[in-house]
Amino acid sequence: MTRKSLVSLCLPLRPCLPLPMLLALGATSLAAIPKSEDPTFPFPVFIIVAVLPGASPADLEQLVVDPIEEEVQTLDAIDRVQTQIRDGLAVITVEFEAGVEAARTEDDVRREVDTLRPRLPAELVRLDVIA
């Protein structure tokens, strides 16, 4: 037998030594990586809620939803606008593309809705933008 074979047979731990070392290094690295319990993801999605008591879904769509959607569609980087209408209630969800600055986009949505407020029915009880 060659000398290397004899050494491997006599010292069987030598080939296995790198595995515990790599495991220890991995455990140390995992412990050193900073973690956040609740990481923040500024995902620009805004909900516009409009309440017009006694209005049918058709009236609500014509008087409130269509003007709001037209104003909001003028903003840049919109991914999708989705609306749900029930008797007296409209919920408009505005989603923007990823990577858009959420704070600036929220200001833009609020500004558009506030600009539109005088042209909406006076009976409108609530018109809010929820971030």
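This report walks through the helices, strands and salt bridges of a predicted model.

## A helix out in the open

Let's start with helix α3, which runs over residues 18-32. From its first C-alpha to its last, α3 reaches 21 Å, close to the 21 Å expected for its 15 residues at 1.5 Å a residue. How many buried residues does α3 have among its 15 residues? The count is zero, so α3 is hardly covered, given that a residue needs under 20% relative accessible area to be called buried.

## Strands side by side

Next up is strand β1, residues 45-51. β1 pairs with β3 in the antiparallel sense, over seven bridges. One place to spot this pairing is I47, whose bridge partner in β3 is T93.

β1 also pairs with strand β4, which covers residues 126-130. Here too the sense is antiparallel, and the pairing has five bridges. If you want to find it in the structure, look for I48, which stands opposite V129 in β4. As a rule, side chains in a regular strand alternate between the two faces of the sheet.

## A salt bridge between two strands

Now for the charged side chains. Side chains of opposite charge can pair when their charged atoms come close. In this model, the count of salt bridges comes to seven.

One of them joins the side chains of R80 and E95, at 3.0 Å from N to O. What does this pair tie together? R80 sits in strand β2 (residues 78-86) and E95 in strand β3 (residues 89-96), so the bridge links parts that are 15 residues apart in sequence. The two ends differ in how covered they are: R80 is partly exposed, with a relative accessible area of 44%, whereas E95 is buried, at 15%.

## A network on helix α5

Helix α5 spans residues 102-116, and it holds both R111 and D108. Their side chains meet in a salt bridge of 3.1 Å, N to O. The two residues are three apart in α5, so about one helical turn separates them. Is each partner buried or exposed, or somewhere in between? R111 is partly exposed, with a relative accessible area of 45%, while D108 counts as buried at 16%.

R111 has another partner as well: its side chain meets that of E112 in a salt bridge of 3.9 Å, N to O. E112 is buried, with a relative accessible area of 13%. Put together, salt bridges with shared partners join R104, D108, R111 and E112 into one network.

How values were computed: Residues numbered from 1 in each chain as written. Predicted model: local features only at pLDDT ≥ 70, side-chain atom pairs only at ≥ 80, totals over all residues. Heavy atoms only, no water. Salt bridge = Lys/Arg side-chain N within 4 Å of Asp/Glu carboxyl O. Helix = DSSP H or I, 4+ residues; strand = E, 2+ residues; numbered from the N terminus. Buried < 20%, exposed > 50% of the residue type's maximum accessible area, 1.4 Å probe, protein only. Expected span 1.5 Å × (residues − 1). Pairing = 2+ DSSP bridges.
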